[in-house]
Amino acid sequence: MSAEQQIRNYVLENYLFTDEQAALDNNDSFLEKGILDSTGILEVIYFLEDEFQIKVEDEDMVPENLDSINRIVAYLDKKMNNHG
Amino acid sequence: MTLSLVHMLHRSVKRYPNSEALVYKAHRISYKNLWDSIIAIASFLKNDGLNQGDRVAIFVENSPEYVEAYYGILIAGGVAVGLNTAAKARDINNLIRHCDAKYLISHSTLAETGKIIQNLEKEINVILIGELAHYDIKNRLNAWDSVIRSNITSIDLKELDNANKLAAIIYTSGTTGSPKGVMLSHGNLANNMESILDYLKLQHTDSILNVLPFYYTYGNSVLHTHLAVGATCIIENNTAFPHKLLSLMVKEKVTGFSGVPSTFALLMSRIKLSEYDLSNVRYMTQAGGAMPPANILRLKNELPHIKFFVMYGQTEATARLTYLPPEKLDEKLGSIGIPIKGVNIEIRDENGNKVQENTTGEICVNGENVMMGYWNDVELTNKAIIDGWLKTGDLAHYDSDGYIYIDGRSSEMIKTGAHRISPKEIEEVVAELEEIEEVAAYGVEDEIMGQVIKLAVVLRPDSSITMKEILLHCKSNLATYKIPKYIEFMSSIPKTASGKIKRFQLQESNS
């Protein structure tokens, strides 16, 4: 399963309570759409660290990296490539 | 005589016209420019037919527009009703109906705004910030941009000298049947602001990063106290990214920061505060529930130079009731401190008699900050205020030095983050599902949020509804912060002989 699909499934299952893929667009802002609140973002960070064996650094915790599926995928891509 | 909020702001405008009052994203708004917008809004409302005491609902996130609307309404003689922007349209429409608002000021970027406007039951004048194109009700729709360019009419601030005049309604719970709207007078707001300024010693050189919603009493008081002294309020609505918040505090060289326990828990959950240059921060304040002493000590260890104020209050008391002087923090850790200036506190037993030290009773308070009552609910008001004393519902005791310690709450409200939620708000929504026979909502402890919501659910025989389907229904009908974190299916819900849910028993089974 791709990283994108894994993250999508996690958000759909835990915050939108549905399997319906159409319920979430990859560009939807989690915060503006009310999908996640501040603790939800924290939970997503822990999910990413567990699932993808990365460390989300302080300076990485910004909306540009974490506030949509596409942003997380791009962040993961950058992070995992940087670390070989 | 205590000056009203508006008079205090006007004094700041005259003293510091070019100082920054508000900073929001790329906007930096001086006191003079803020005042000009406020007067334009007040003029529009007066010319448009707002009568003294008419309610104006504000469904706008923290922003300069919120502040301009709030003060404009007060100057026009109206009553400001700030509404929770995290709430769903059905709750907001219910509150607009409950307070019989004559105007609604809203922002087109909020997802619920369209639904709210479509579902307004009666003719209400809407003032919309942002894009108007999507709304097909132009006959009673005004664009904010044209409102703030209104012709200025003469404004007489003397009308605000009546301390007993209703200024604001703050809703503390939004159950369909009985929303609780706390009525605050100009005198309530002014007196509590003065008491807060007395211990925080704010000056015009101060600046605060505010993340607390203005529609709740804590954020409301942070805003007014800073504007009253000519200080700067930097508005940031997003607490999800601690690094961003702290970087902003460094960049703006803020001198103050206020939060609820979950704000500080989130800030410290993954970040070392000591790695940021917060040398300009003079003080931090905490209210909105008990902050674990371990977190207070951690904060103090990381930022030893700041004064950390533990505070306690209630919307029904305008905002603030007690504070713990920072120099007593170590000695009296866990205490909510002593009454602020102008507030009398008695801890009473169930017969109304004052208790001795180290004996638990209910906190009862008296002072110019005690609310006028609940909007349109005399019965509830008479239960809450007896002979001028407000019964807070909070249980506490004094120590031998007169410092107060909270022992528990007699109320069933769930405290999660900055929010207070009546369990009934959630139960009403879940009970709409036909397959649910009984439901009880209650708070369970959470390291970050203080409490999160748990549901006990009894299904009808042969029901096949799943947890996910219940949560999906909640997601569709409740604000995000009201969605239960846990659901437990049970065969029955514990109740008293009179049929009242035993929430404490449910809570105890989870501790």
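Modeller: Let's start with a rule for contacts: two residues touch if their C-beta atoms, placed from the backbone, lie within 7 Å. Keep in mind that this is a predicted model.

Colleague: Thanks! With that rule, how many residues does each chain bring to the contact between chain A and chain B?

Modeller: Chain A contributes 15 residues and chain B contributes 20 residues. On the chain A side, helix α2 (residues 38-52) of chain A supplies the largest share, 4 residues. Sorted by class, the side of chain A that touches chain B has 8 nonpolar, 4 polar and 3 charged residues. You will also meet another way to describe such a contact: the size of an interface is often given as the accessible area lost when the parts come together.

Colleague: Now for a single chain. Which domains does the assignment give for chain B?

Modeller: It gives domain 1 (27-185), domain 2 (238-409) and domain 3 (416-508). Taken over C-alpha atoms, the centres of domain 1 and domain 2 of chain B are 29 Å apart. Their contact involves 11 residues from domain 1 of chain B and 9 residues from domain 2 of chain B.

Colleague: Which element gives the most to the side of domain 1 of chain B that touches domain 2 of chain B?

Modeller: That is β9(B), with 6 residues. Two elements give two or more residues to this side: β8 (166-173) and β9 (180-185) of chain B. The side of domain 1 of chain B that touches domain 2 of chain B has 7 nonpolar, 3 polar and 1 charged residues.

Colleague: Next, sheets. In what order do the strands of the open sheet in chain B lie?

Modeller: First the idea: strands of a sheet pair through backbone hydrogen bonds, either parallel or antiparallel. Here, the open sheet has 9 strands in the order β2-β1-β11-β10-β12-β13-β14-β15-β16 (chain B), and its pairing is mixed. At the edges are β2 (27-30) and β16 (338-339) of chain B, each pairing on one side only.

Colleague: Where can I see both kinds of pairing?

Modeller: Try β1 (residues 20-24) of chain B. It runs antiparallel to β2(B), joined by 4 bridges, but it pairs with β11(B) in the parallel sense over 3 bridges. Look at L22(B): its bridge partner is I29(B) in β2(B) and C233(B) in β11(B).

Colleague: And if I carry on along the sheet?

Modeller: β10(B) runs parallel to β11(B), with 4 bridges, and S207(B) has T232(B) as its bridge partner in β11(B). β10 (residues 207-210) of chain B is also parallel to β12(B), through 2 bridges, where I208(B) partners G256(B). Then 4 bridges join β12(B) to β13 (residues 283-286) of chain B, again parallel; there S258(B) stands opposite T285(B).

Colleague: Are the residues on the two sides of β12(B) buried or exposed?

Modeller: In a regular strand the side chains alternate between the two faces of the sheet. In β12 (residues 256-259) of chain B, G256(B) and S258(B) on one side and F257(B) and G259(B) on the other are all buried. Similarly, in β11 (residues 232-235) of chain B, T232(B) and I234(B) point one way and C233(B) and I235(B) the other, and all are buried.

Colleague: Last one: at what angle do helix α7 and helix α8 of chain B pack?

Modeller: α7 (residues 186-200) and α8 (residues 217-229) of chain B pack at about 75 degrees, with their axes 10 Å apart, which means that α7(B) is roughly perpendicular to α8(B). Among the residues in contact are L189(B) and I196(B) of α7(B) and H224(B) and V229(B) of α8(B). This contact has 7 nonpolar, 4 polar and no charged residues.

Methods
Residues are numbered from 1 along each chain as its sequence is written. Chains are lettered from A and ligands numbered from 1 in the order in which they are written. This is a predicted model: local features need pLDDT of at least 70, side-chain atom pairs count only at pLDDT 80 or more; totals for chains, interfaces and linings use all residues. Axes are lines fitted to C-alpha atoms, for helices over the stretch in contact, and angles run from 0 to 180 degrees between N-to-C directions. Angles under 35 degrees count as roughly parallel, over 145 as roughly antiparallel, 65 to 115 as roughly perpendicular and the rest as oblique. Ala, Val, Leu, Ile, Met, Phe, Trp, Tyr, Cys and Pro count as nonpolar, Asp, Glu, Lys and Arg as charged, and the others, Gly among them, as polar. Domain bounds come from an automatic or database domain assignment. Two strands pair if DSSP finds at least two bridges between them. A residue is buried if 20 or more other C-beta atoms lie within 10 Å of its own, exposed if 12 or fewer, and partly exposed in between; C-beta atoms are placed from the backbone.
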